[in-house]
Amino acid sequence: MKFFVDTADVNEIRTLNDLGMLDGVTTNPSLIAKAGRDIKEVTKEICDIVSGPVSAEVTALDHETMMKEADVLAKIADNIAIKVPLTFDGLKTCKALTDNGQMVNVTLCFSATQALLAAKAGATFISPFIGRLDDMGINGMELIGEIRTIYDNYGFETEILAASIRTINHVKEAAMIGADVSTVPPSTLHALVKHPLTDKGLDAFTADWKKTGQSIL
(Lines give C-alpha, C1' and ligand atoms only; values in the text may rest on other atoms or scores of the structure.)
Protein backbone atom coordinates (compact mmCIF):
# COMPACT_ATOMS: atom_id res chain seq x y z
CA MET A 1 0.00 0.00 0.00
CA LYS A 2 1.15 3.53 -0.81
CA PHE A 3 1.08 6.22 1.87
CA PHE A 4 0.06 9.77 0.99
CA VAL A 5 -0.04 12.46 3.67
CA ASP A 6 -3.10 14.70 3.77
CA THR A 7 -1.75 18.14 4.61
CA ALA A 8 -0.33 21.37 3.18
CA ASP A 9 2.13 21.77 6.07
CA VAL A 10 5.51 21.66 4.33
CA ASN A 11 7.41 21.04 7.57
CA GLU A 12 5.36 17.91 8.28
CA ILE A 13 5.75 16.77 4.69
CA ARG A 14 9.50 17.24 4.79
CA THR A 15 9.79 15.29 8.06
CA LEU A 16 7.70 12.38 6.79
CA ASN A 17 9.42 12.35 3.40
CA ASP A 18 12.78 11.97 5.14
CA LEU A 19 11.55 8.61 6.48
CA GLY A 20 11.60 7.30 2.92
CA MET A 21 8.08 5.89 3.06
CA LEU A 22 6.01 8.80 1.75
CA ASP A 23 4.59 8.15 -1.71
CA GLY A 24 2.62 11.34 -2.28
CA VAL A 25 0.58 14.21 -0.85
CA THR A 26 -3.05 15.23 -1.00
CA THR A 27 -4.29 18.76 -0.42
CA ASN A 28 -7.68 20.44 -0.62
CA PRO A 29 -9.02 24.00 -0.24
CA SER A 30 -9.51 23.53 3.53
CA LEU A 31 -5.90 22.40 4.03
CA ILE A 32 -4.60 25.26 1.89
CA ALA A 33 -6.63 27.69 3.98
CA LYS A 34 -5.21 26.16 7.17
CA ALA A 35 -1.66 26.58 5.84
CA GLY A 36 -2.38 30.29 5.28
CA ARG A 37 -0.26 30.48 2.13
CA ASP A 38 -0.76 31.10 -1.58
CA ILE A 39 -1.94 27.88 -3.24
CA LYS A 40 0.54 28.01 -6.11
CA GLU A 41 3.47 28.84 -3.85
CA VAL A 42 2.84 26.13 -1.25
CA THR A 43 1.93 23.52 -3.86
CA LYS A 44 5.18 24.18 -5.74
CA GLU A 45 7.15 23.78 -2.51
CA ILE A 46 5.40 20.48 -1.77
CA CYS A 47 6.12 19.22 -5.29
CA ASP A 48 9.80 20.04 -4.81
CA ILE A 49 9.90 17.94 -1.61
CA VAL A 50 8.17 14.76 -2.82
CA SER A 51 8.62 12.93 -6.09
CA GLY A 52 5.22 11.21 -6.02
CA PRO A 53 1.79 12.63 -6.95
CA VAL A 54 0.67 15.83 -5.27
CA SER A 55 -3.09 16.40 -5.48
CA ALA A 56 -4.11 20.02 -6.06
CA GLU A 57 -7.85 20.66 -6.12
CA VAL A 58 -9.85 22.91 -8.40
CA THR A 59 -12.40 25.15 -6.69
CA ALA A 60 -14.75 25.79 -9.61
CA LEU A 61 -17.99 23.84 -10.00
CA ASP A 62 -18.46 24.12 -13.78
CA HIS A 63 -16.45 22.21 -16.39
CA GLU A 64 -15.16 25.21 -18.33
CA THR A 65 -13.71 26.95 -15.27
CA MET A 66 -12.41 23.66 -13.86
CA MET A 67 -10.39 23.22 -17.04
CA LYS A 68 -8.94 26.72 -16.75
CA GLU A 69 -7.98 26.16 -13.11
CA ALA A 70 -6.56 22.73 -13.93
CA ASP A 71 -4.34 24.30 -16.60
CA VAL A 72 -2.89 26.69 -14.02
CA LEU A 73 -2.38 23.98 -11.39
CA ALA A 74 -0.86 21.48 -13.84
CA LYS A 75 1.84 23.97 -14.79
CA ILE A 76 3.13 24.11 -11.20
CA ALA A 77 5.02 20.80 -11.52
CA ASP A 78 5.10 17.53 -13.45
CA ASN A 79 3.89 15.49 -10.44
CA ILE A 80 0.62 17.37 -9.97
CA ALA A 81 -2.58 15.32 -9.86
CA ILE A 82 -5.57 17.53 -10.53
CA LYS A 83 -8.29 16.92 -7.93
CA VAL A 84 -11.88 17.26 -9.11
CA PRO A 85 -15.21 16.63 -7.34
CA LEU A 86 -17.39 13.65 -8.19
CA THR A 87 -20.02 15.57 -10.14
CA PHE A 88 -20.96 15.37 -13.82
CA ASP A 89 -18.82 18.45 -14.50
CA GLY A 90 -16.02 16.93 -12.47
CA LEU A 91 -16.20 13.67 -14.42
CA LYS A 92 -16.27 15.56 -17.72
CA THR A 93 -13.16 17.44 -16.61
CA CYS A 94 -11.53 14.18 -15.49
CA LYS A 95 -12.09 12.60 -18.90
CA ALA A 96 -10.70 15.63 -20.73
CA LEU A 97 -7.62 15.81 -18.53
CA THR A 98 -6.81 12.11 -18.50
CA ASP A 99 -7.19 11.96 -22.28
CA ASN A 100 -4.30 14.45 -22.35
CA GLY A 101 -2.16 12.37 -20.00
CA GLN A 102 -2.82 14.36 -16.82
CA MET A 103 -3.12 12.55 -13.49
CA VAL A 104 -6.54 13.12 -11.92
CA ASN A 105 -7.83 12.41 -8.41
CA VAL A 106 -11.63 12.27 -8.25
CA THR A 107 -12.64 13.20 -4.72
CA LEU A 108 -15.71 13.18 -2.46
CA CYS A 109 -16.75 9.65 -3.42
CA PHE A 110 -19.42 8.10 -1.22
CA SER A 111 -20.80 5.22 -3.30
CA ALA A 112 -19.55 2.35 -5.44
CA THR A 113 -21.54 3.57 -8.44
CA GLN A 114 -19.83 6.94 -8.21
CA ALA A 115 -16.49 5.13 -8.18
CA LEU A 116 -17.53 3.14 -11.26
CA LEU A 117 -18.25 6.36 -13.16
CA ALA A 118 -14.89 7.83 -12.10
CA ALA A 119 -13.06 4.75 -13.40
CA LYS A 120 -14.90 4.96 -16.70
CA ALA A 121 -13.86 8.62 -16.91
CA GLY A 122 -10.24 7.47 -16.63
CA ALA A 123 -9.49 8.69 -13.11
CA THR A 124 -5.98 7.98 -11.88
CA PHE A 125 -7.25 7.90 -8.29
CA ILE A 126 -10.69 7.62 -6.69
CA SER A 127 -11.00 9.01 -3.16
CA PRO A 128 -13.75 7.34 -1.11
CA PHE A 129 -14.27 9.15 2.20
CA ILE A 130 -14.28 6.53 4.96
CA GLY A 131 -14.50 8.71 8.06
CA ARG A 132 -17.39 10.83 6.82
CA LEU A 133 -19.43 7.70 6.12
CA ASP A 134 -18.60 6.37 9.58
CA ASP A 135 -19.86 9.67 11.01
CA MET A 136 -23.25 8.90 9.45
CA GLY A 137 -23.37 5.41 10.94
CA ILE A 138 -22.36 3.77 7.65
CA ASN A 139 -19.36 1.42 7.56
CA GLY A 140 -16.94 3.25 5.28
CA MET A 141 -14.81 0.14 4.85
CA GLU A 142 -17.65 -1.64 3.11
CA LEU A 143 -17.40 0.98 0.36
CA ILE A 144 -13.69 0.23 -0.08
CA GLY A 145 -14.53 -3.47 -0.49
CA GLU A 146 -17.30 -2.77 -3.00
CA ILE A 147 -15.05 -0.57 -5.13
CA ARG A 148 -12.24 -3.15 -4.99
CA THR A 149 -14.62 -5.85 -6.25
CA ILE A 150 -15.98 -3.72 -9.09
CA TYR A 151 -12.56 -2.57 -10.25
CA ASP A 152 -11.19 -6.11 -10.15
CA ASN A 153 -14.24 -7.42 -12.04
CA TYR A 154 -13.55 -5.17 -15.00
CA GLY A 155 -9.82 -4.57 -14.81
CA PHE A 156 -10.05 -0.84 -14.11
CA GLU A 157 -6.63 0.68 -13.44
CA THR A 158 -7.95 3.51 -11.27
CA GLU A 159 -6.25 3.33 -7.87
CA ILE A 160 -8.41 3.28 -4.74
CA LEU A 161 -7.19 6.07 -2.49
CA ALA A 162 -8.75 5.60 0.95
CA ALA A 163 -9.44 9.10 2.28
CA SER A 164 -10.94 10.71 5.37
CA ILE A 165 -8.84 8.32 7.44
CA ARG A 166 -9.38 8.85 11.15
CA THR A 167 -7.66 5.94 12.89
CA ILE A 168 -4.82 3.46 12.50
CA ASN A 169 -7.49 0.74 12.23
CA HIS A 170 -8.80 2.52 9.14
CA VAL A 171 -5.34 2.17 7.60
CA LYS A 172 -5.07 -1.51 8.58
CA GLU A 173 -8.53 -2.42 7.29
CA ALA A 174 -8.02 -0.50 4.03
CA ALA A 175 -4.78 -2.41 3.47
CA MET A 176 -6.45 -5.76 4.22
CA ILE A 177 -9.28 -5.04 1.77
CA GLY A 178 -6.83 -4.01 -0.93
CA ALA A 179 -6.94 -0.22 -1.21
CA ASP A 180 -4.00 0.95 -3.30
CA VAL A 181 -3.34 4.09 -1.26
CA SER A 182 -4.20 5.55 2.13
CA THR A 183 -4.00 9.30 2.53
CA VAL A 184 -3.71 10.14 6.19
CA PRO A 185 -3.14 13.14 8.46
CA PRO A 186 0.43 13.47 9.76
CA SER A 187 -0.67 12.52 13.29
CA THR A 188 -2.06 9.20 12.06
CA LEU A 189 1.10 8.39 10.12
CA HIS A 190 3.15 9.02 13.25
CA ALA A 191 0.76 6.85 15.29
CA LEU A 192 1.23 3.84 12.98
CA VAL A 193 4.65 3.12 14.48
CA LYS A 194 3.46 3.26 18.09
CA HIS A 195 2.66 0.23 20.28
CA PRO A 196 2.89 -0.03 24.09
CA LEU A 197 4.59 -3.42 23.90
CA THR A 198 7.30 -1.97 21.68
CA ASP A 199 7.95 0.73 24.28
CA LYS A 200 7.91 -1.84 27.09
CA GLY A 201 10.36 -4.09 25.24
CA LEU A 202 12.75 -1.20 24.58
CA ASP A 203 12.68 -0.20 28.23
CA ALA A 204 13.61 -3.76 29.24
CA PHE A 205 16.40 -4.01 26.65
CA THR A 206 17.82 -0.64 27.70
CA ALA A 207 17.80 -1.56 31.40
CA ASP A 208 19.53 -4.88 30.75
CA TRP A 209 22.15 -3.26 28.50
CA LYS A 210 23.05 -0.74 31.16
CA LYS A 211 23.78 -3.61 33.56
CA THR A 212 26.48 -4.93 31.19
CA GLY A 213 28.48 -1.71 31.39
CA GLN A 214 29.29 -2.04 27.70
CA SER A 215 29.22 0.43 24.79
CA ILE A 216 28.98 -0.46 21.12
CA LEU A 217 30.75 2.77 20.12
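What follows is a short chat about cysteines, strands and a pocket in a predicted model.

Reader: How many disulfides does a search of the whole structure find?
Author: The search finds 0. Keep in mind that this is a predicted model.

Reader: Why is Cys47 not in a bond?
Author: Its closest cysteine sulfur is in Cys94, and the two sulfurs are 19 Å apart, which is too far for a bond. The cut-off for a disulfide is a sulfur pair within 2.5 Å.

Reader: And Cys94, how far away is the nearest cysteine sulfur?
Author: That sulfur belongs to Cys109 and is 12 Å away. Cys94 is in no disulfide either.

Reader: Cys47, buried or exposed?
Author: Cys47 is buried, with a relative accessible area of 7%. Cys94 is buried as well, at 0%.

Reader: Switching to strands. Which way do the residues of β6 point?
Author: Strand β6 covers residues 125-128. Phe125 and Ser127 point one way, while Ile126 and Pro128 point the other way. In a regular strand, side chains alternate between the two faces of the sheet.

Reader: Are those four buried or exposed?
Author: All are buried.

Reader: How many bridges join β5 to β6?
Author: There are 3, and the strands run parallel. β5 is residues 103-109. One of the pairings is Val106 in β5 with Ile126 in β6.

Reader: What does the chain pass through from β5 to β6?
Author: The chain goes through helix α6, residues 112-120. This β-α-β crossover is right-handed.

Reader: How many bridges join β6 to β7?
Author: Strand β7, residues 159-162, is joined to β6 by 2 bridges, again with the strands running parallel. Ile126 turns up here too, with Ile160 as its bridge partner in β7.

Reader: Now pockets. How much space lies in the largest pocket?
Author: About 410 Å³. The lining has 21 residues, and those closest to the pocket centre are Asp6, Asn28, Phe129, Arg132 and Ser164.

Reader: Which elements give two or more residues to that lining?
Author: Those are α2 (29-35), β5 and β8 (181-184). The strand β5 is the one that pairs with β6.

Reader: Which gives the most?
Author: Helix α2 does, with 3 residues.

Reader: How do the lining residues divide into nonpolar, polar and charged?
Author: The lining of the largest pocket has 9 nonpolar, 7 polar and 5 charged residues.

Definitions and conventions. Residues are numbered from 1 along each chain as its sequence is written. This is a predicted model: local features need pLDDT of at least 70, side-chain atom pairs count only at pLDDT 80 or more; totals for chains, interfaces and linings use all residues. Side-chain values use heavy atoms; hydrogens and water are left out. Buried means under 20% relative accessible area, exposed over 50%, partly exposed in between (1.4 Å probe, protein chains only). Two strands pair if DSSP finds at least two bridges between them. A crossover is right-handed if, with the strands pointing away from the viewer, the path from the first strand over the helix to the second runs clockwise. On a 1 Å grid over the protein atoms alone, a cavity is a set of points where a 1.4 Å probe fits but cannot get out, and a pocket is an open set with protein on both sides within 12 Å along at least five of seven lines; lining residues have an atom within 4 Å of a point. Grid points are joined across faces, edges and corners, and a volume is the space filled by probe spheres set on the points. Ala, Val, Leu, Ile, Met, Phe, Trp, Tyr, Cys and Pro count as nonpolar, Asp, Glu, Lys and Arg as charged, and the others, Gly among them, as polar.
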